[in-house]
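Visitor: I am new to reading protein models and would like some help. Could you take me through this one, a feature at a time?

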Amino acid sequence: MANIATKFIDGFNNTSPSTSSESLNRFYKESFAPKFKQLNPTDTVSSSLLKQMNPKSIELQSRYLANNPNPIGEKQKLTTTEQSDSYEQAHRQYHPYLCDMTNINKFYDIFIIDPANGNIVYSVYKEVDFATSLQTGPYAKSNLASLFQQLKDSSNPQKIAFADYKQYSPSYNAPASFIGKPIVVDGKTVAILAAQLSIEDINSIMKERDGLGESGETYLVGPEGLMRSDSYIDPKNHSVESSFRNPNKGTVNTLSVIKALKNEKGQHVINDYNNEMVLSAFAPVNVFNVRWALIAEMDEQEAFESITTLSQLLIVILFVTIFIVTIAAYWFARTLTKPIYALADTMKKVGQQGDFSLRATVYSSDEIGVSTQAFNTLLDALQLSISETNRVMNQMAAGKFDQRIEAPCRGELDTLKQATNDCASSLNGAINELNNIAIAMADGQFDIQINASMAGELGTLKSNINQSLSSINNTMNSIVDIMANVEQGNFKEQITYPAKGKLAQLKDSVNNSVSSLSIAIDGISDVMSALRQGQFSAQLEAPLAGQLDILKQDINSSMANLNNVMNEIGEVMTFVSQGDFKKMIKGEASGQLEQLKSNINTSITAIDTALTEISSVMLAISQGRFDHTISSAMTGQLNSLKTDINHSVTNLERVINDLNQVMAAMANGDFFHQLKQPLQGQLEDLKNNVNESTSLVSLAINEVSSVLSNLAKGDLTKNIEGQYQGVFDTLKSDTNATIEKLTNVIQEIQVSASQVMQNAGEIASSNTEISKRTEEQAANLEEASSSTEQMLDELTKVSEQSKSAVALASNAEQIAEEGNRLSIQTVSAIDDVNEASKDINEILTVIDNLAFQTNLLSLNAAVEAARAGDHGRGFAVVANEVGDLAGRSAKSAKQIKRGIRI
């Protein structure tokens, strides 16, 4: 957004007024003023609006308002005008985007404001505030101007300012509110972005009708009592626009509004703005730094209608309930005693017979029914507990100790249940522990113990088994520790735990095996240590037997082969480090050593080929040849390097060819030739600079050539009109000044010639020779006015003839005194022509300076190429070509200068 705002501000500041205010004045009188009067019968449009606007404001309003073919309210449809200045370009590029932003965010309008002077440099809908100043313009006292004053000095990009609703004359005095924020770049406010808010969005929210019935409405009121949303009940007088246009009828000063604006909230019954009794709810709404009142109201009768209806319904329900309760009490008394007698009878039978299968009949779900159900539940629990206890005891007698009483019990029954289950659990635990011990020993686990608490004979059995397991476990743990050390590479440890019988034999065998392995490992470790230190001549010398001896022989043979290969690799790498890539590994090898040998030889060959090719290409570039590329097949990073080098050489060759064509064209006087090949990086910059230089030189030379061509034809009315900078601007100024001075000189010469012709008759009466030469002088002066080149030749003759005439006139001073004075004036005019010729020489000097600047650019390019070393050789060739072109241009300029001097 900062870029967009900057483009509009720069375009506004660079706008050149080219339109009179006539069409804009007609727009205000014929379009704006009638509609304003129609909407505001008591107000008039100020006649001084245009007087408060600067020429740029008048120019832009004329383009986008007065000369806009779209009707009022649709001016935003115009995207482009017939103008082509920077403002028009910015408008053509960004106006559609800003229109979309306005529509998406449902703003009434969007403004871009210059913080330096308050100019509204852009507006989407182009009302009459567009292009005016909020500091000095006709709307400097509007609420949009107050928003501008809040933001113009702020450098906080997070600051948001709000201007509450007020009548806004550019919108035909309709109420308008604004929101804005500064656009900050590098801590500096470059623009202010403001938006005019739409009333329609607020109304769409406030006109929500859910729960408001027929007479309800919600609306917003501002601090001055004027509407901030349209009323549903009275849109004629209490809409936002109506309340601002006619405050006498549209102001709302009810008690709810007063309290809400005092930051209170609540509800009560009051008289509304139409003096009707309503139920009114109110609350404050803070909009930025402004407090509004939010009011929700409904007609009192409609609001309390449901409460009245409910009261009447409750009275009817009360009488019906009394009647029903009376009937129910009579029926309850009749049915209450029957289930009580049935429950008492069942209790009596259970107590007499001991039969827990009896159950009392449940007649209802009331308190008596619940009591009956509880009695039946008690019988169920007793029956279940006794049955479960019998079942568990029978199972234990059969040797099954995993059965338990699962039925839920309470009280003494629960105690019986727990005792029975504990007995079964103790026996079951002892059996399970013994089974676990047997299974663990079968799996080689000797560290297991019986941990369950036991008593009596079970306790003695537990102690004996645990002692046996401990003895076996200690022996096995010692063996495991030794094997763990062996696994970790420690062959020095021995079994020291005392053992007997078969365990003692196992102990000795293990210790002997560990000792043999320790000797072999120590020897292998010495060999590997030497290998790690780069000593490939080490051998395993310790005496071994069996498979360890075979391992020893294999290791020694491998070390010998590895030593031979590594010695040869070291020799080859020495040659490579010295830049010699011709040396190869030739020794015999097998397996991975043979593969290593092959890979090293292949790599050295590939590097040697690549370096040879690269050296050849670089040599060609250093000699100014860019047609040489790397053709050998390569792989991996060498192939990538090959591709990059070939691509670079191709690009350089294409650039050099294009530059040669451009320079050749310039040497032949063709400055229209351009570099068109797509390039990148500094080559792209070089291309752009060359193209821009040739275009600028072509334009300048064409315009100078056109002016000088007209000058050669005797047309002194043509000047150089293009906009240039630097030496070209000096060339333009000098050429135009020369033409102007030549024009003045020619005019003076013509006047002098006329005077010479007038007095020639008088001189002829006294001296025939003076008359003849004076006539020749007049003829030469007339020819000088038609052709600049002929003028110079003829004026030279006139100068000589005039001098002769002066000499002759001196002899006849008494007769031709007036002729003598005229001759002196002629000599003065000729001197002025000579001065004009010097100005033409200065123009050629400027062209010569241009060639010098081009030569200087070539010299700088050559210096940069020298800094780049070998990589800049190709670019140095380009710089030399540019320098040669500059030399040829300077030479041509000098030849032209000599031709003009002749």
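Guide: We will go from the whole chain to a sheet, then to the cores, and then to one helix. Please keep in mind that this is a predicted model.

Visitor: How many helices and strands are there in the protein chain?

Guide: The protein chain holds 25 helices and nine strands. Of its 902 residues, 37% count as buried, and the chain exposes about 51,200 Å², with carbon and sulfur atoms supplying 53% of that area.

Visitor: In what order do the five strands of the open sheet lie, and is the pairing parallel or antiparallel?

Guide: In general, strands of a sheet pair through backbone hydrogen bonds, and they may do so in a parallel or an antiparallel way. Here the order is E2-E1-E5-E4-E3, and the pairing is antiparallel. The edge strands are E2 and E3 (161–168), each of which pairs on one side only, and from one strand to the next the twist averages 25°. If you look at E1 and E5, you will find five bridges joining them, and you can also see Asp109 standing opposite Gln196 in E5.

Visitor: Which residues touch the most other members of the largest nonpolar core?

Guide: A nonpolar core is a set of buried residues of certain kinds, such as Leu, Ile and Phe, joined through side-chain atoms within 4.5 Å. The largest one here has 37 residues, and those that touch the most other members are Phe8, Tyr28, Tyr87, Leu98, Ile112 and Tyr122. Among the elements that give two or more residues to this core are helix H1 (2–13), helix H4 (86–104) and strand E1 (109–113), while H4 gives the most, with six residues. To follow one member closely, take Tyr87: leaving aside its neighbours within four places in sequence, its contacts include Phe8, Leu60, Tyr122 and Phe130. There is also a second, separate core of 35 residues, which includes Ile614, Ile630, Ile720 and Leu742.

Visitor: How far does helix H15 reach from its first C-alpha to its last?

Guide: A helix can be checked by comparing its reach with the span expected at 1.5 Å a residue. Helix H15 (residues 457–487), which has 31 residues, reaches 44 Å, close to the expected 45 Å.

Visitor: What do the buried residues of H15 pack against?

Guide: They pack against helix H14 (412–442) and helix H16 (502–532), and among these buried residues are Lys462, Leu469, Ile479 and Val486. Just after H15, Gly489 takes a positive phi of about 90°.

Terms used. Residues are numbered from 1 along each chain as its sequence is written. This is a predicted model: local features need pLDDT of at least 70, side-chain atom pairs count only at pLDDT 80 or more; totals for chains, interfaces and linings use all residues. Side-chain values use heavy atoms; hydrogens and water are left out. Buried means under 20% relative accessible area, exposed over 50%, partly exposed in between (1.4 Å probe, protein chains only). Helices (H or I, at least four residues) and strands (E, at least two) are DSSP runs, numbered from the N terminus. Contact means heavy atoms within 4.5 Å. Two strands pair if DSSP finds at least two bridges between them. Axes are lines fitted to C-alpha atoms, for helices over the stretch in contact, and angles run from 0 to 180 degrees between N-to-C directions. Accessible areas come from the Shrake-Rupley method with a 1.4 Å probe; for residues, only the protein chains shown count as cover. The expected span of a helix is 1.5 Å times one less than its number of residues.
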